Amino acid sequence: MENLLVPIGGGNEIGASAYLYLVGGKRILVDSGIRFNPEDPYPDFSLLKSLSPELDAIVITHAHVDHCGSVHLLSSLYPETPIYTTHETAQLLSLMVEDAIKVRYIRNRNSPDEWREYRLLDEALSRLERRDFYDRIVLGDVEIVFYPAGHILGAASVGIFYGDSGFVYHTGDISLTPQLTTGGAELPSEKPTLLVSESTYYYSDRKFSREEAIEEFYSTVKETVERKGKILIPVFALGRAQEIMLLLSQGMREGKIPPLTVYVDGLAKEVSVIYENLLERELFNFYVQPAPRYEGLSFEEACMENLREADCIVSTSGMLMEGTPSFVYAQLLSKRSSAAIIFSGYMVEESFGYRLLHDRNVLRSFRCRIERHHFSAHADKGEIETIVERLSPEKTVFVHGYPNSLKQHGLNREVIRF
């Protein structure tokens with residue numbers, strides 16, 4: 001029996017991750033995300049339906065929307081198919097997908113299409129089956145296992161066991177480096193027949209040193225506070241926000257940065273509450289607090305009030321997408337030479353943050369300090385090479401990246417045999 005992998009989305013791109021496996025006579029889809037391009041946000045569901053009119057299982061690796069943001073639409077196409085994920089991802093996914101729907105209809109609020117998507121999300125959530133790491137999901141002669149992937153809380157790599165000794169290892173977004181909110185990935189002991197690895201930074205020679213990034217981050221914060229400037233840290237609501245919150249608290253506790261009032265705004269507030277419950281650990285404290293709500297004020301007026309009260313704002317979105325809280329804060333700080341905007345992660349070309357860092361005409365309109373201290377939650381090239389070396393797979397395919405070489409890379413719509 002021939003086994004196949006077809007990237008329905010998320011092959012030669014970052015966004016709309018969806019990977020169809022036809023393995024051991026079973027049909028398994030790993031992830032169902034969205035793109036950050038509003039003109040073409042979804043995986044190619046028409047291709048998926050033509051290749052696989054039915055699915056035996058839907059698996060979600062983690063709760064970032066490029067991996068789960070269209071799961072409700074996918075589930076409506078396969079209403080009898082169970083959706084498997086980890087306990088942590090199940091709690092976070094609901095909030096993240098709901099917010100993605102809200103953002104998509106921000107200019108057409110309360111439309112019939114928006115309410116249809118909320119209804120589909122409720123139906124999809126009713127089909128979620130929560131599993132622990134290393135549990136075995138049995139589909140006839142095929143078994144699925146979740147392995148800790150690092151990256152963010154609850155993120156899983158997916159192992160698919162089939163036949164006498166066949167084994168697919170799909171990394172999802174992965175990192176071997178421990179973070180403050182999650183440990184590093186734990187690799188399987190079995191040798192994969194097929195390794196499917198993310199490649200976000202595989203084609204870059206840039207190496208990430210977490211220790212150096214932390215020290216540079218503290219230095220920028222300290223210098224800005226000492227010159228009486230305000231700080232904006234745009235963050236991903238899930239994962240990066242919580243890391244930054246803990247780093248700021250740690251820096252104050254260790255004397256690396258002076259005491260400062262930090263307000264956390266946007267979706268990061270709600271996600272952080274879930275993190276506190278899941279980790280049984282306080283993220284908010286005397287210095288790091290959720291941004292208050294102001295009755296009777298416009299959103300921009302509320303942001304201005306927060307900037308008066310706080311020394312530092314940690315807010316979504318991490319890419320300064322237009323219309324988001326962090327974008328409003330950035331506009332308010334743009335003319336203040338004493339202020340600083342500190343980016344901390346990946347940005348797509350469609351984002352305002354990317355243009356701010358790469359377009360001199362955009363940068364020229366900002367008088368504040370612009371810095372980027374990269375706290376990657378993805379494996380860099382060296383870590384990916386370590387994964388390949390440790391697992392020694394019979395075949396390797398890279399996805400979730402922009403290849404500068406097509407060798408070993410799985411492209412969208414490509415049929416890969418193994």
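A residue is called buried when its relative accessible area is under 20%, exposed when that area is over 50%, and partly exposed in between. The exercises below apply this scale and related criteria to a predicted model.

**Exercise 1. Salt bridges between separate parts of the chain**

Determine which elements are tied together by the salt bridge between Asp 56 and Arg 27, and classify the accessibility of both residues.

Solution.

Step 1. The search of the whole structure finds 21 salt bridges. In one of them, the side chains of Asp 56 and Arg 27 meet with an N to O distance of 3.3 Å, which is within the 4 Å cut-off.

Step 2. Asp 56 belongs to the loop between helix 1 (45–51) and strand 4 (57–59), while Arg 27 belongs to strand 3 (residues 26–30); the pair therefore ties together parts that are 29 residues apart in sequence.

Step 3. The relative accessible area of Asp 56 is 21%, so this residue is partly exposed. Arg 27, at 26%, is likewise partly exposed.

**Exercise 2. A pair far apart in sequence**

How many residues apart in sequence are the parts tied together by Asp 44 and Arg 413, and in which accessibility class does each residue fall?

Solution.

Step 1. A salt bridge joins the side chains of Asp 44 and Arg 413, at 2.4 Å from N to O.

Step 2. Asp 44 is found in the loop between strand 3 and helix 1, and Arg 413 in the loop between strand 18 (395–399) and strand 19 (416–417), so the parts tied together are 369 residues apart in sequence.

Step 3. Asp 44 has 23% relative accessibility and counts as partly exposed. Arg 413 has a relative accessible area of 52% and is exposed, because the limit for that class is over 50%.

**Exercise 3. A pair within one helix**

Explain how Lys 222 and Glu 226 are placed along their helix.

Solution.

Step 1. The side chains of Lys 222 and Glu 226 form a salt bridge of 2.7 Å, N to O.

Step 2. Both residues lie in helix 6 (residues 210–226), and because they are 4 residues apart there, about one helical turn separates them.

Step 3. Lys 222 is partly exposed, with 34% relative accessible area.

Step 4. Elsewhere, salt bridges with shared partners link Glu 13, Arg 35 and Asp 40 into one network.

**Exercise 4. Two cavities and their linings**

Describe the lining of each cavity of 30 Å³ or more by residue class.

Solution.

Step 1. The search of the whole structure yields 2 cavities of 30 Å³ or more. The largest cavity holds about 50 Å³ of space, and the second largest about 30 Å³.

Step 2. The residues lining the largest cavity include Tyr 19, Asp 31, His 67, His 170, Asp 173, Glu 198 and His 400. Strand 11 (residues 194–198) contributes the most to this lining, with 3 residues.

Step 3. By class, the lining of the largest cavity comprises 3 nonpolar, 6 polar and 3 charged residues.

Step 4. The second largest cavity is lined by Ile 60, Val 71, Ile 83, Leu 93, Ala 124, Leu 125 and Leu 128. This lining has 7 nonpolar residues, with no polar and no charged ones.

**Exercise 5. Cysteines and disulfides**

How many disulfides does a search of the whole structure find, and is Cys 312 buried or exposed?

Solution.

Step 1. A disulfide is a covalent bond between the sulfur atoms of two cysteines.

Step 2. The search of the whole structure finds 0 disulfides. Cys 312 is in none, and its nearest cysteine sulfur, belonging to Cys 368, is 13 Å away; the cut-off for a disulfide is within 2.5 Å.

Step 3. Cys 312 is buried, at 0% relative accessibility. Cys 68, also at 0%, counts as buried.

**Exercise 6. Surroundings of two residues**

Establish the element, the accessibility class and the contacts of Thr 396 and of Glu 300.

Solution.

Step 1. Thr 396 is placed in strand 18. Its relative accessibility of 10% makes Thr 396 buried. With residues up to four places away in sequence set aside, Thr 396 touches Leu 195, Val 388 and Gln 408.

Step 2. Glu 300 is in helix 9 (residues 299–309). Its relative accessible area is 45%, so Glu 300 is partly exposed.

Step 3. Apart from neighbours within four places in sequence, Glu 300 is in contact with Val 328 and Leu 332. The C-alpha atoms of Glu 300 and Tyr 329 are separated by 8.2 Å, although the two residues are 29 residues apart along the chain.

Notes
Residues are numbered from 1 along each chain as its sequence is written. This is a predicted model: local features need pLDDT of at least 70, side-chain atom pairs count only at pLDDT 80 or more; totals for chains, interfaces and linings use all residues. Side-chain values use heavy atoms; hydrogens and water are left out. Helices (H or I, at least four residues) and strands (E, at least two) are DSSP runs, numbered from the N terminus. Buried means under 20% relative accessible area, exposed over 50%, partly exposed in between (1.4 Å probe, protein chains only). On a 1 Å grid over the protein atoms alone, a cavity is a set of points where a 1.4 Å probe fits but cannot get out, and a pocket is an open set with protein on both sides within 12 Å along at least five of seven lines; lining residues have an atom within 4 Å of a point. Grid points are joined across faces, edges and corners, and a volume is the space filled by probe spheres set on the points. Ala, Val, Leu, Ile, Met, Phe, Trp, Tyr, Cys and Pro count as nonpolar, Asp, Glu, Lys and Arg as charged, and the others, Gly among them, as polar. Contact means heavy atoms within 4.5 Å.
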